[in-house]
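Trainee: Could we go through this model in short questions and answers? Please give the cut-offs as we go.

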Amino acid sequence: MDSVFATQNDEKSKGALADENGVVGEDIISKLHDSILGHILSFLPSMEAIHTSLLSKRWIHVWTSITGLQFNDSFQCVGKKKMHKQNFECFVNRVLLHLANSTIQSFSLCLTSYQYDSTLVNAWISSIFERGIKNLHIQYSDEVLFPSHSLFSCSSLVQLVLQMKCTLCVPFFASLPNLKILNISGIKLVGESSTYSEELILNLPVLRVLEARGCEWQTMQNIRIQAPLLERFCITIWRSLSDEAYKSSINVFAPCLTDFSYEGDLEQDIILLNSPSIRSASVVIVVDEDRKDRIKTLGYQAHKLLAQILEVQQLKLLFYKVLVHARDIFTHLPAFGRLTYLQLNEVTGEALLNILHRSPILNTLVLQNGVSELNKDVTSASVPQCFLSSLKVFQFKEFNVHEHELLLVKFVMANAKVLDQMTICTAFWLRYSNIDTEKAKQQILYFPKCSNLAVIQCISVQKLH
């Protein structure tokens, strides 16, 4: 057949399209230049793109003009069956060989169904760095020998996503001048054995997004990331991933950073250099209870991290197993002069009041999992400035109907002068208990309110009968 619209049995329809009324139209798609058709086919999985060669003589070689390759070993072929491992390996090898002299701007390799020889996967990846690659996405759960030198010398990269187990050898200085998005997970970063500098420098002049999750930063030297245009930085880092101890720090120069997210155990320093523009931040800290030697410094490390984001406007601050061991985290907390939204969990009453006193213009407060150990004489405690002028929304999630939680609700209602809305959601476990949540609800509704405009809403879980 002559085109995607032609049929084998109707010679008159070659190069034409007949609608339901028998009106013949021109096949303009097949008349497009190969470069345009190749660009269109690049958005398809490579298997489907190559199958277009069966449409007609016109399409036999069109696929060779594609600029993007998508290989996925879980892709379902004819009959909704996955390709066998050997067939998939042969397919990838033949396509890469056929396009050996072609420019490949986008390459996606998703290996989730089989285990492959590490050198074979390495060969596939290495061949791509020689094609002017711009967008590279690799997903593989097994260990791979990664061509680090080829990566750090690939100046054409715009987007890099590596979700795989591999070791990257970071040179003394590396520059990726066009990289805008960097997303890595499961990577181990080490310094080159021949590198004796005190600092490894990654120069990323146009980087906008940096996400690093579950990576091992095992360099003997500090890593300095120079990203003057970086807007979003997300890092999940656990020292427990490695049995070895490294004192290196990760220093990020990002004067345009507005969104910062950290999740980890505070055992490796994250230093934000000249980042006064952070407006939204999420800090999640989890303690490894087996590392008792680190608990003594936990409060200092948390304070050190939070002191770098003083200008934040929205803050999610979640601690797990932390306050049990380090009660001094909020004792010397810096002031958050611009903070308007705050979300907390597992917080003591004392810690909560400390941070509220340091948040003078707070508008919204969200508590998860309740509070603990609120002193009964809280009614005589000094009232935070935000209660008097700015706090309008208070959400209490996982409310356990404990006495100290009722005291906190009473304290807020009695002192928040501009409060508009208070929402209290009882904890899920209460549906299995004999606690009278309806009685607690009525008790709350009868607490005196400082703000006559405040709407108090209590949402209780449905009891099991």
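What follows is a set of questions on cavities, aromatic rings, strand pairing and backbone angles.

Trainee: What should be known about numbering and confidence before starting?
Mentor: Residues are numbered from 1 along each chain as its sequence is written, and side-chain values use heavy atoms, with hydrogens and water left out. This is a predicted model, in which local features need pLDDT of at least 70, side-chain atom pairs count only at pLDDT 80 or more, and totals for chains, interfaces and linings use all residues.

Trainee: How many cavities of 30 Å³ or more are there?
Mentor: A cavity is a set of points, on a 1 Å grid over the protein atoms alone, where a 1.4 Å probe fits but cannot get out. Grid points are joined across faces, edges and corners, and a volume is the space filled by probe spheres set on the points. With the threshold at 30 Å³ or more, the count is five.

Trainee: Which residues are closest to the centre of the largest cavity?
Mentor: The largest cavity holds about 170 Å³ of space. Lining residues have an atom within 4 Å of a point. There are 15 of them, and the closest to the centre are F152, L182, I184, L189 and L202.

Trainee: Which elements give two or more residues to the lining of the largest cavity?
Mentor: Helices (H or I, at least four residues) and strands (E, at least two) are DSSP runs, numbered from the N terminus. By that numbering, the elements are α5 (148–152), β6 (159–170) and β8 (181–191).

Trainee: How do the lining residues of the largest cavity divide into nonpolar, polar and charged?
Mentor: Ala, Val, Leu, Ile, Met, Phe, Trp, Tyr, Cys and Pro count as nonpolar, Asp, Glu, Lys and Arg as charged, and the others, Gly among them, as polar. No residue of this lining is polar or charged, and the nonpolar count is 15.

Trainee: What is the angle between the planes of F233 and F260?
Mentor: Rings of Phe, Tyr and Trp (its six-membered ring) pair if their centres lie within 6.5 Å; planes under 30 degrees apart count as stacked, over 60 as edge-to-face and the rest as tilted. The model has 13 aromatic pairs. F233 and F260 form a tilted one, at 5.8 Å centre to centre, with a plane angle of 40°.

Trainee: Why does the pair of F233 and F260 tie together parts that are apart in sequence, and how many residues apart are they?
Mentor: Buried means under 20% relative accessible area, exposed over 50%, and partly exposed in between (1.4 Å probe, protein chains only). F233 is buried at 2%, and F260 is buried at 0%. F233 lies in strand β13 (residues 232–237) and F260 in strand β15 (residues 259–264), so the parts tied together are separated in sequence by 27 residues.

Trainee: Which residues form one aromatic cluster with W124?
Mentor: A charge sits over a ring if NZ of Lys or CZ of Arg is within 6 Å of the ring centre and within 35 degrees of the ring normal. K85 lies over the face of Y116, at 5.6 Å from the ring centre. Y116 belongs to the cluster, and W124 is joined there by F88, Y114, Y116 and Y140.

Trainee: What is the bridge partner of L111 in β5?
Mentor: Two strands pair if DSSP finds at least two bridges between them. Strand β4 (residues 106–111) pairs in the parallel sense with strand β3 (residues 68–72) over five bridges. β4 also pairs in the parallel sense with strand β5 (residues 135–144), over six bridges. In β5, L111 has as its bridge partner Y140.

Trainee: Why is strand β9 described as largely enclosed, and how many of its residues are buried?
Mentor: Three bridges join β9 to strand β7 (residues 173–175), running parallel, and five join β9 to strand β12 (residues 222–226), also parallel. Strand β9 (residues 199–203) is largely enclosed by the rest of the structure because, of its five residues, the number buried is four.

Trainee: Is L266 buried or exposed?
Mentor: Most residues other than glycine have a negative phi, and most peptide bonds are trans. L266 has a positive phi, near 65°, and is found in the loop between β15 and β16 (270–273). At 5% relative accessibility, L266 is buried.

Trainee: Where does E398 lie?
Mentor: E398 is not a glycine, yet its phi is positive, at about 55°. At 33% relative accessibility, E398 is partly exposed. The element that holds E398 is strand β21 (residues 393–399).

Technical notes: On a 1 Å grid over the protein atoms alone, a cavity is a set of points where a 1.4 Å probe fits but cannot get out, and a pocket is an open set with protein on both sides within 12 Å along at least five of seven lines; lining residues have an atom within 4 Å of a point.
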